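Visitor: I'd like a close look at just one part of this model. Could you pick a single piece, walk me through it slowly, and then show me where it sits in the bigger picture?

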Amino acid sequence: MTMRARGRRNAALAGGLGVAMVLAGCGASETSGGGGGDTADAADLSIDCAPYEEFGDLEGQTVSVYTSIVDPEDQPQIDSYVPFEECTGVDVQYEGSREFEAQLVVRVQSGNAPDIAFIPQPGLLATLVGTGAVVPAPEQVVANVDEYWDESWKTYGTVDGTFYAAPLGANAKSFVWYSPSAFEDAGYEVPQTWDEMVALSDQIAESGGKPWCAGIGSGDATGWPATDWLEDVVLRSAGPEVYDQWVNHEIPFNDPQIVEALDLVGGILKNPDYVNGGLGEVQSIASTEFGDAGLPILDGSCFMHRQASFYQANWPEGTEVAEDGDVFAFPLPPIEGESAPVLGGGEFTAAFNDEPAVQAFQTYLSSADWANVKAQVSGPGWVSANTGLDVENLVSPIDQLAAEQFQDPNAVFRFDGSDLMPGEIGAGALWTELTNWIANDKPTQQVLTDVENAWPAA
Amino acid sequence: MTTTTPVMAPVPVDERRLTRAERRAVAARTKFSSPAASVIALVIAVLWTVPTLGLLITSFRPELDIRRSGWWTVFTDPTFTLDNYNEVLYGGGTNFASLFVNSLVITLPAVVIPITLALLAAYAFAWIDFPGRNVLFVAVFALQVVPIQVTLIPLLSIYVDTGLAGSFWTIWLSHSIFALPLAVFLLHNFMKEIPASLVEAARMDGAGHVKIFFQVLLPLLTPAIAAFGVFQFLWVWNDLLVALTFAGGAPDVVPLTVRVAELAGTRGSDWYLLAAGAFVSIVLPLVVFLGLQRYFVRGLLAGSVKG
């Protein structure tokens with residue numbers, strides 16, 4: 001008995017020492033925040049302060065920003081506000097949370113809304129506008145958006161004819177990751193059309209390899225990578241007009257053109273000869289975390305992986321992302337025509353009050369100045385659809401490629417459809433049905449019919 | 001270890017005079033100290049510890065290993081690194097030491113306030129006869145069934161209206177509110193168990209309520225207070241929901257758990273850090289639990305089971 005008690009006390013003592021050491025360690029080392037690489041120091045960058053003078057003297061005011069962007073991507077955000085703070089004397093308080101989407105609604109409803117929130121889904125923006133808490137964008141922001149953004153981006157920030165939220169960052173989803181060195185060793189060429197891509201897949205399969213790897217696991221959100229596949233192919237096989245009608249439910253969800261598109265996806269994702277390189281059978285797609293799904297490319301057990309530009313953050317440290325490096329990406333090729341349509345996502349800046357400091361900050365965020373400052377302080381993995389962004393300022397070649405896609409006036413851009421559909425579908429039925437489609441081999445027609453039946457009555 | 005205690009140790013003179021409860025207690029003691037029971041206990045203990053052990057091992061493995069294989073592969077291919085802990089403690093823009101302090105600053109008052117209030121309330125419910133006492137006591141305990149989720153938005157609205165939002169007060173008050181029903185109930189039951197004759201004797205000697213409370217009851221209540229303290233400490237320390245909701249908008253007030261929740265990164269790509277983060281955040285609760293374990297178990301039985 002006494003022996004045991006003493007042992008416990010010793011364990012407690014050891015634990016206590018551990019805490020003390022941890023605390024001491026924290027005090028001793030003053031390491032600065034992440035980032036790294038060849039990024040610029042925000043304090044060295046300066047902008048033209050003139051656009052913010054019309055908002056009056058803002059010295060000493062604070063603007064709170066609430067976002068879903070957390071460590072390590074948050075530090076470049078905070079750094080990118082420095083030139084604005086130096087111009088105006090406004091103090092921008094940044095807060096990021098992974099529970100942003102749930103917490104923002106709680107805060108807005110209890111009257112504790114932040115000044116500005118970065119909203120990643122147009123659908124959520126519409127919900128918030130419905131509560132009456134969001135204020136329309138000031139005229140300076142409207143002018144900036146008209147000048148720097150493609151018309152389609154403006155419509156995603158518009159609810160019922162009123163423009164509320166300017167676009168901020170963006171990501172391009174129509175990418176296929178591959179290993180340039182593996183392609184070169186095997187003598188494969190980057191495919192330029194869908195048919196070439198299928199031919200290449202056949203060639204790899206015949207030589208005994210598995211051309212594709214995929215994973216749609218993502219906790220509660222399992223299934224979303226599959227929705228991107230479907231959207232990308234609808235955009236290619238049926239065209240942007242049909243895509244818009246489909247997203248807005250002007251045609252049924254199980255329209256024959258959508259069935260055809262999903263069957264095209266199935267030709268790759270449900271083809272046992274093609275998948276799932278290095279990870280297992282077809283069913284393993286449903287159980288593999290999306291973040292890990294592309295990693296077999298590194299050891300050569302898989303050759304292609306369709307995922308957005310932000311996937312570059314998932315490659316382990318030391319992986320060279322470049323056209324002649326360990327991994328790179330090519331645009332998912334078009335089925336018809338020359339140029340590949342671009343599927344993408346992004347955040348929008350919604351303001352919850354119209355104080356001059358807040359409006360000045362909104363104006364800054366929608367300007368080309370901000371996009372360029374942000375590009376210079378960011379590491380790889382950030383891009384904006386702002387056409388005032390100088391592509392040279394981006395660090396990573398994949399971001400440069402994405403920015404070129406966004407800025408190409410001929411490229412068709414469409415926002416991620418599942419973010420535009422009602423939440424019950426875009427963040428619910430579509431996820432689960434597509435997971436069933438892969439995991440339980442549910443027939444294509446039935447999957448789409450079940451989603452159609454789940455669509456909320458208007 | 002458990003030496004096989006002689007079964008018949010405190011058997012009174014006459015076996016027939018044993019009450020049913022006592023007989024059952026003796027039988028239980030025999031059953032629980034049998035070798036079979038020890039083996040079962042050992043197996044359960046191992047089963048329950050394996051996931052934690054896996055987590056501990058994972059927290060020391062290199063990133064790529066964590067992503068590509070399970071922790072059990074260390075037995076064939078042992079590679080360890082402190083990088084994960086380095087990243088959790090010093091990586092990113094947040095200062096871990098200040099978060100640790102925040103967690104402490106949140107936890108201590110959130111434990112002391114409800115215990116203090118609940119002690120006073122429990123005393124009144126147990127030893128002061130006032131009209132409506134039972135109804136009120138049931139009403140207080142009935143609050144235990146209110147799920148805290150339904151209170152989040154109304155409570156936050158009140159804090160915003162009174163200007164408290166964004167300070168430690170919101171978290172202290174919220175935790176106190178949520179803890180009080182159970183605290184009052186547990187401490188009341190414990191106080192009731194103290195023989196009435198003890199309190200009456202003190203009263204005969206001329207002691208008032210204050211004197212009885214501090215000099216007679218409080219010393220006897222120490223295990224119950226410690227037990228509830230451990231309970232509440234662990235709950236508050238591990239809490240994410242309350243802190244996230246009420247400390248929201250005030251980054252200098254958030255506790256450790258909020259930072260651990262953000263560790264995985266915007267798109268979950270850094271989930272390999274979670275094992276190390278979990279271990280950093282359980283260091284203190286582990287110390288508290290090991291230190292006060294005896295009270296914990298004793299107090300668990302104290303409030304609920306009579307006799």
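**A helix on the inside**

Guide: Let's go with helix α10 of chain A. Of its 14 residues, 14 are buried, so α10(A) is largely enclosed by the rest of the structure. Keep in mind as we go that this is a predicted model.

Now for a quick check with a ruler. Helix α10 of chain A covers residues 224-237, and at 1.5 Å a residue its 14 residues should span 20 Å. The C-alpha atoms at its two ends are 20 Å apart, so the expectation and the model agree. Look just past the end of the helix, too: right after α10(A) comes Gly239(A), which takes a positive phi of about 95 degrees.

Time to zoom out. α10(A) is one of the 19 helices in chain A, which also has 11 strands. How much of chain A is buried? Of its 458 residues, 49% are. You can try another ruler check on the whole chain: a compact globule with 458 residues would have a radius of gyration near 23 Å, and chain A, at 24 Å, agrees with that. Along its principal axes, the C-alpha trace of chain A spans about 75 × 65 × 45 Å. Sequence distance is fun to look at as well: take the contacts in chain A between residues at least 6 apart in sequence, and 76% of them join residues at least 24 apart.

Chain A is also divided into two domains, each written as two stretches of sequence: domain 1 is 48-172 + 344-415, and domain 2 is 179-340 + 421-454. Their centres, taken over C-alpha atoms, are separated by 29 Å. Where they touch, domain 1 of chain A puts in 16 residues and domain 2 of chain A puts in 18. On the domain 1 side, the elements giving two or more residues are β6 (166-172) and α16 (397-407) of chain A. α16(A) gives the most to that side, with five residues. Sort the residues on the domain 1 side by character and you get eight nonpolar, six polar and two charged.

One last thing, about trust. The predictor gives the complex an ipTM of 0.72 and a pTM of 0.78. Chain B has a mean pLDDT of 83, with 88% of its residues at 70 or more. Over residues 1-13 of chain B, though, the pLDDT is below 50, and that stretch has seven contacts beyond near neighbours in sequence. Residues 303-307 of chain B are also below 50, with five such contacts. Where pLDDT is low, don't read the predicted coordinates in detail.

Key: Residues are numbered from 1 along each chain as its sequence is written. Chains are lettered from A and ligands numbered from 1 in the order in which they are written. This is a predicted model: local features need pLDDT of at least 70, side-chain atom pairs count only at pLDDT 80 or more; totals for chains, interfaces and linings use all residues. Domain bounds come from an automatic or database domain assignment. Two residues are in contact if their C-beta atoms, placed from the backbone, lie within 7 Å. Helices (H or I, at least four residues) and strands (E, at least two) are DSSP runs, numbered from the N terminus. Ala, Val, Leu, Ile, Met, Phe, Trp, Tyr, Cys and Pro count as nonpolar, Asp, Glu, Lys and Arg as charged, and the others, Gly among them, as polar. The expected span of a helix is 1.5 Å times one less than its number of residues. A residue is buried if 20 or more other C-beta atoms lie within 10 Å of its own, exposed if 12 or fewer, and partly exposed in between; C-beta atoms are placed from the backbone. The radius of gyration is taken over C-alpha atoms; the globule rule is 2.2 Å times the number of residues to the power 0.38. pLDDT is the predictor's confidence in each residue, from 0 to 100.
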